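Please read the report below alongside the sequence and the three-dimensional view. It moves from the aromatic rings to the nonpolar core and then to one helix.

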Amino acid sequence: MPSNPVNGALYMLGGIRLLMRPGLKRYVLIPLLVNILVFGGGIWLGAAGFEHLMNRMQANIPSWLAWVEWLLWPLFSVAVLVIVFYSFTLVANLIAAPFNGVLAEKVERLITGQSVGDDMGWATLLRELPATLGDEVRKLLYAVIWSLPFLILAFVVPVIGPLLWFLFSAWMLTLEYADFPMGNHGLKFRQMRSTLRRRRLLSFGFGATTAALTAIPVVNFIVMPAAVAGATLMWVRELQPGSDDG
């Protein structure tokens, strides 16, 4: 199958359809609850903090500069949207990482009819919890280090800066969600990045669609489990050795 962004987008949308398949609902429940709690809390904190900031600004800005508020509102709104949704996506995935690994294994079994190594039940989940969380922390550090220059560009360079930030976010989301099916097959973070770089257009199409859905209220609650399922579908059909194009 040709590597292009449309295929990546279709895998993400295919992940949403997979969640409706029988046998997956119990594995979707915990990631879904984590997403709802984290994003709900993030939106509430972001709105409260934004309101407090604007009240303080109104109290300290002279009346003749009141017009500046109309310029700052859109800027701060975009900043809060970007920071809240991006940072809380990372936090939600960090918390739900062990459960997402199990979900990826169950989705792959549903697609292929074959188990992924040892059956990843709840006992396996608890045994591998420290290693899974450790890998998530490494990904989080990678994301934080690389996000700083792109975030600065997003606010300093018009048009190009936000576009680069969006592309970076798309790449990070693909790394985040593809890690679950690829990690189940023993691929390390560096190997995973190398595999996805060889399929850049596919990866960016998947990540861009995920990023766009993450910014839609209510829809973002199901993005995490859907992206895990979609990334697993993409792994099985295109990325793993022996796949159609792999």
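## Phe189 and its ring partners

In this predicted model, Phe189 counts as buried, because its relative accessibility is 10%, below the 20% under which a residue is called buried. Tyr142 is likewise buried, with a relative accessible area of 17%.

Across the whole structure, a search finds 5 aromatic pairs. One of them joins Tyr142 and Phe189, whose ring centres are 5.3 Å apart and whose planes stand at 90°, so the pair is edge-to-face. Since Tyr142 belongs to helix α5 and Phe189 to helix α7, the pair ties together parts that lie 47 residues apart in sequence. Ring pairs also bring in Trp146, which forms a cluster with Tyr142 and Phe189. A charge is found here too: the charged end of Arg193 sits over the ring of Phe189, 4.8 Å from the centre of that ring.

## A stacked pair between α5 and α6

How are the rings of Phe150 and Phe168 arranged as an aromatic pair? They are stacked, with 4.7 Å from centre to centre and 10° between the planes. Phe150 lies in helix α5 and Phe168 in helix α6, so this pair ties together parts that are 18 residues apart in sequence.

The burial of the two partners can be set side by side: Phe168 counts as buried at 6% relative accessibility, whereas Phe150, with a relative accessible area of 22%, is partly exposed.

## The largest nonpolar core

The largest nonpolar core has 49 residues, and those with the most contacts inside it are Met12, Leu103, Met172, Leu175, Tyr177, Leu196 and Phe206. At least two residues of this core come from each of α1, α2, α3, α5, α6, α7, α8 and α9, and the largest share, 12 residues, is supplied by α9.

Leu175 offers a view of the surroundings of one such residue: leaving aside its neighbours within four places in sequence, Leu175 is in contact with Lys139, Tyr142, Phe189, Met192, Arg193 and Leu196. Among these contacts are Tyr142 and Phe189, the two residues of the edge-to-face pair described above.

## Helix α8

Helix α8 runs from 200 to 214. Its 15 residues should span 21 Å at 1.5 Å a residue, and because its end C-alpha atoms are 21 Å apart, the expected and modelled spans agree.

Which residues of α8 are buried? They are Leu202, Ser203, Gly205, Phe206, Gly207, Thr209, Thr210, Ala211, Leu213 and Thr214. Phe206 is also one of the residues with the most contacts inside the largest nonpolar core.

Technical notes: Residues numbered from 1 in each chain as written. Predicted model: local features only at pLDDT ≥ 70, side-chain atom pairs only at ≥ 80, totals over all residues. Heavy atoms only, no water. Core = buried A, V, L, I, M, F, W, Y, C linked by side-chain atoms within 4.5 Å. Buried < 20%, exposed > 50% of the residue type's maximum accessible area, 1.4 Å probe, protein only. Helix = DSSP H or I, 4+ residues; strand = E, 2+ residues; numbered from the N terminus. Contact = heavy atoms within 4.5 Å. Expected span 1.5 Å × (residues − 1). Phe/Tyr/Trp six-rings, centres within 6.5 Å; stacked < 30°, edge-to-face > 60°. Lys NZ or Arg CZ within 6 Å of the ring centre and 35° of its normal.
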